[in-house]
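Student: Could you show me how to read salt bridges and burial in a structure?
Tutor: Gladly; let us go through one together.

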Amino acid sequence: MENFETIRLDKGLYTSNKGFTAALEEIDPSENYKDTALAGLDAFERQLKRFDIRIHGAGSDCVEKFFATTDSAALFPEYVARAVRKGLERADLLPLIVATRTEINGLDYRTIASVPTEAEKELKDVEEGASIPETVVHTQENLVTLKKRGRMLCASYEALRFQRLDLFTVTLQQIGAYIARTQLKDAVGVLQNGDGNSNPAPTSSLAGESVTYADLVDFWNEFDPYELNTFIASPDMAAAVLKLSEMRDAAAGLSFHGDGKPVTPLGAVLLKSAAVPAGKLIGLDRTCALEMVQAGPVLTEYDKLIDRQLERAAITQICGFSKIYTDASRVLS
């Protein structure tokens with residue numbers, strides 16, 4: 001076993017398809033530290049301990065601590081990526097609407113689809129010797145559109161070197177939150193308009209100028225045989241739904257006042273997002289409506305970050321979305 005205190009760190013660990021921490025774990029497996037004082041730490045966290053770099057709390061170190069040696073400097077891009085990823089996860093609503101995530105190693109991806117007719121959605125009796133009804137699965141005509149989303153980190157090393165890592169982490173987490181909000185906007189666009197394969201969501205119209213409880217019930221009824229279990233609403237539509245008299249019972253009011261979680265109309269989760277155009281509400285069956293395709297994790301320009309060339313260092317993630325079942329999402333406006 002190679003001791004974590006003697007491992008040579010360099011840029012080569014970032015060129016692995018597995019990512020920095022996974023590459024480091026192969027050299028220094030965490031399983032070798034069971035029942036020791038280092039149990040519970042991954043390979044990256046053990047390196048922070050090796051160089052005595054504290055990134056959290058009031059006693060956190062300054063940015064320059066990473067650059068005390070060439071080995072410790074190699075840890076800086078991974079620290080940046082983790083902070084961005086944490087901010088992305090905190091602001092990420094995608095786990096509440098995505099049915100499945102697909103990881104790919106390239107930039108070209110063609111998904112599959114099944115578009116059953118009304119008759120094919122029914123499981124009819126099969127007489128002896130008769131043919132069993134078929135479900136046809138085919139590849140989509142167009143590739144999934146992948147988009148690179150991110151921010152450029154613009155700051156000189158001189159401007160950051162004396163800043164506490166705890167404070168710098170907050171800035172990086174906001175970059176992650178920006179990426180999450182932009183990806184949600186991409187997902188909403190696919191749910192509403194389709195993924196380029198002639199599969200926009202069916203649209204239902206309000207009976208009047210504003211949403212009513214009857215509109216929601218009719219909208220819910222249109223989802224058969226799918227389940228309407230998630231609403232994504234524009235801020236004005238979310239407010240209109242919550243102001244309905246049917247949403248104001250005593251128990252719901254106590255919950256909303258106590259923890260800020262709104263009542264769920266018709267048992268569906270209600271998500272508010274400015275990514276949805278004003279006056280629109282998107283309903284979906286989150287178990288089968290949307291696929292997320294990712295081409296790798298959060299990426300950093302590790303060369304620039306290691307060499308302290310922070311004037312323009314990109315932090316990005318590449319992903320796209322595709323419809324699984326067209327009628328599993330619908331728009332109410």
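Tutor: What follows is a short walk through salt bridges and one loop residue in this predicted model.

Student: What is the general idea behind a salt bridge?

Tutor: Side chains of opposite charge can pair when their charged atoms come close.

Student: How many salt bridges does a search of the whole structure find?

Tutor: The search gives 16 salt bridges. Let us take some of them in turn.

Student: Which residue does Arg 149 meet in a salt bridge?

Tutor: Arg 149 pairs with Asp 186, with an N to O distance of 2.8 Å. This pair links distant parts of the chain, 37 residues apart: Arg 149 sits in strand β4 (residues 146-153), while Asp 186 belongs to helix α6 (residues 165-193).

Student: Is Asp 186 buried or exposed?

Tutor: Here a cut-off helps: buried means under 20% relative accessible area, exposed over 50%, and partly exposed in between. Asp 186 has 12% relative accessibility, so Asp 186 counts as buried. Arg 149 has 23%, so Arg 149 counts as partly exposed.

Student: What about Lys 65 and Asp 61, how do their side chains meet?

Tutor: They form a salt bridge too, with 3.5 Å from N to O. Apply the cut-offs again: Asp 61 is buried because its relative accessible area is 10%, and Lys 65 is partly exposed because its value is 25%.

Student: How do Glu 301 and Lys 304 compare with the cut-offs?

Tutor: Glu 301 is partly exposed at 30% relative accessibility, and Lys 304 is partly exposed at 29%. The two residues form a salt bridge whose closest N and O atoms are 3.6 Å apart.

Student: Which residues are joined into one network by salt bridges that share partners?

Tutor: Asp 52, Arg 54, Asp 61 and Lys 65 are joined in this way. You have already met the link between Asp 61 and Lys 65.

Student: Now for a residue in a loop. Where does Leu 96 lie?

Tutor: Look in the loop between α4 (76-91) and β1 (100-103). Leu 96 has a relative accessible area of 39%, so Leu 96 is partly exposed.

Student: Which residues does Leu 96 touch, not counting residues up to four places away in sequence?

Tutor: Leu 96 touches Thr 230, Leu 271 and Arg 286. You can also relate Leu 96 to Val 331: these residues are 235 residues apart along the chain, and their C-alpha atoms are separated by 17 Å.

Terms used. Residues numbered from 1 in each chain as written. Predicted model: local features only at pLDDT ≥ 70, side-chain atom pairs only at ≥ 80, totals over all residues. Heavy atoms only, no water. Salt bridge = Lys/Arg side-chain N within 4 Å of Asp/Glu carboxyl O. Buried < 20%, exposed > 50% of the residue type's maximum accessible area, 1.4 Å probe, protein only. Helix = DSSP H or I, 4+ residues; strand = E, 2+ residues; numbered from the N terminus. Contact = heavy atoms within 4.5 Å.
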